[in-house]
Amino acid sequence: MAIKEQTQWAQRTITAISGAAVLSQASARDVARHAVRDLLAASAGNQETALAAIRAIDDFAVRRRLLEVFRRCSVEQSENFSSELFFKKGDFGDKTYADAFDADLLALWRQSGRDQANVMRLISLYPLVIRNRIMKRLVSPEFAKKRRIRYGVGTVLNGDGPVSAHMINIIALLIFLALLALILS
């Protein structure tokens, strides 16, 4: 990234984030997120160059917002990024949120080879709060139960998840028909 491009990016970013901050903090954060993504794309993913460009900005409020979203943007552009849901706030008491989070966590668990050390390696770039949340959920009894049920259903007959699910449905239907025939006779 040339110095002229960096200066132009800084001027556009200061104007955009300052203007968005007048509306709300959330809109200023969104504008900062887009600016950091553009900066990372312009610097070909080089985080050191991008951080230097952010540090060169004199406006403290703008620089603070850019640094606030920098880590998340760099995580999203890495190859280890797995789910947007890990970054969203939610309550595990909400069944739909918990199920969606657990589904993404199960995918990450499979990707890591079902090893906690590999999960930690995959999420090492994530912010500390999110890493702690993922690891707490990974060892929680609720996730262990869901993991056990999904693996159990997938390996009941032949180890193939979708095929065995169909087989379980067929077996359940046959049992139902046998019971119905027993009751009617």
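## Exercises on an all-helix model

Let us start with one residue: Phe101 is part of helix 5. The model in front of you is a predicted one, and the exercises below walk through it piece by piece.

### Exercise 1: The overall fold

Work out how many helices and strands the protein has, and in what order its elements run.

Solution.
- Step 1. Count the elements: there are nine helices and zero strands.
- Step 2. Read them off from the N terminus, which gives α-α-α-α-α-α-α-α-α.
- Step 3. Turn to burial. Of the 185 residues in the protein, 32% are buried.
- Step 4. Look at the contacts between residues at least 6 apart in sequence: 54% of them join residues at least 24 apart.

### Exercise 2: Phe101 and its surroundings

Decide whether Phe101 is buried or exposed, and list what it touches.

Solution.
- Step 1. Check the accessibility. Phe101 has a relative accessible area of 0%, and the cut-off for buried is under 20%, so Phe101 counts as buried.
- Step 2. List its partners, skipping residues up to four places away in sequence: Phe101 touches Leu85, Phe86, Phe92, Arg133, Ile134 and Arg137.
- Step 3. Take one partner and compare sequence with space. Phe86 is 15 residues from Phe101 in sequence, and their C-alpha atoms are 7.0 Å apart.

### Exercise 3: How helix 5 meets helix 7

Describe the packing of helix 5 against helix 7, and name the residues that make the contact.

Solution.
- Step 1. Recall what is needed. A pair of packed helices is described by the angle and the distance between the two axes.
- Step 2. Find both values. The axes of helix 5 (residues 95-111) and helix 7 (residues 128-138) come within 11 Å and cross at roughly 90 degrees.
- Step 3. Classify the angle. Since 65 to 115 degrees counts as roughly perpendicular, helix 5 is roughly perpendicular to helix 7.
- Step 4. Name the residues. Helix 5 brings Tyr97, Ala98, Phe101, Asp102, Leu105, Leu108 and Trp109 to the contact, and helix 7 brings Arg133, Ile134, Arg137 and Leu138.
- Step 5. Sort them by character: eight of the contact residues are nonpolar, none is polar and three are charged.

### Exercise 4: The two faces of helix 3

Which residues of helix 3 are buried, and which are exposed on the other side?

Solution.
- Step 1. Pick out the buried residues of helix 3: Ala50, Leu51, Ala53 and Ile54.
- Step 2. Look down the axis. The buried residues of helix 3 fall within an arc of 160 degrees, so they line one face of the helix.
- Step 3. Go round to the other side, where Glu48 and Arg55 are exposed.
- Step 4. Ask what covers the buried residues: helix 1, helix 2 and helix 4 are included in that cover.
- Step 5. Zoom in on Ala50, with its relative accessible area of 0%. Leaving aside neighbours within four places in sequence, Ala50 is in contact with Leu39, Leu40, Ser43 and Phe70. Its C-alpha atom is 9.3 Å from that of Gln6, a residue 44 places away along the chain.
- Step 6. Follow the contact with Ser43, which sits in the loop between helix 2 and helix 3. Ser43 is buried at 7% relative accessibility, and beyond its neighbours within four places in sequence it is in contact with Thr49 and Ala50.

### Exercise 5: The nonpolar cores

Find which members of the largest nonpolar core touch the most other members, and which helix gives the most to this core.

Solution.
- Step 1. Within this core of 20 residues, Trp9, Val36, Ile54, Leu66 and Phe70 touch the most other members.
- Step 2. Trace the suppliers: helix 1 (3-23), helix 2 (25-42), helix 3 and helix 4 (60-76) each supply at least two residues.
- Step 3. Identify the main contributor: helix 2 gives the most, with six residues.
- Step 4. Take Trp9 as an example. Apart from neighbours within four places in sequence, Trp9 is in contact with Met1, Ala35, Leu39, Ala53, Ile54, Ile57 and Leu66.
- Step 5. Move to the second, separate core of 19 residues, which includes Leu105, Leu108, Tyr126 and Leu138.

### Exercise 6: Two loop residues

What is unusual about the phi of Arg114, and where does Pro127 lie?

Solution.
- Step 1. Recall the general rule: most residues other than glycine have a negative phi.
- Step 2. Compare Arg114: its phi is positive, about 60 degrees, although it is not a glycine.
- Step 3. Place Arg114 in the loop between helix 5 and helix 6 (116-122), where it is partly exposed at 46% relative accessibility.
- Step 4. Place Pro127 in the loop between helix 6 and helix 7. At 21% relative accessibility, Pro127 is partly exposed.
- Step 5. List the contacts of Pro127 beyond four places in sequence: Arg71 and Phe87. The C-alpha atoms of Pro127 and Arg71 are separated by 7.4 Å, with their positions 56 residues apart along the chain.

Methods:
Residues numbered from 1 in each chain as written. Predicted model: local features only at pLDDT ≥ 70, side-chain atom pairs only at ≥ 80, totals over all residues. Heavy atoms only, no water. Axes fitted to C-alpha atoms, helices over the stretch in contact; angles between N-to-C directions. Helix = DSSP H or I, 4+ residues; strand = E, 2+ residues; numbered from the N terminus. Parallel < 35°, antiparallel > 145°, perpendicular 65-115°, else oblique. Contact = heavy atoms within 4.5 Å. Nonpolar A, V, L, I, M, F, W, Y, C, P; charged D, E, K, R; others polar. Buried < 20%, exposed > 50% of the residue type's maximum accessible area, 1.4 Å probe, protein only. Core = buried A, V, L, I, M, F, W, Y, C linked by side-chain atoms within 4.5 Å. Arc of directions from axis to C-beta.
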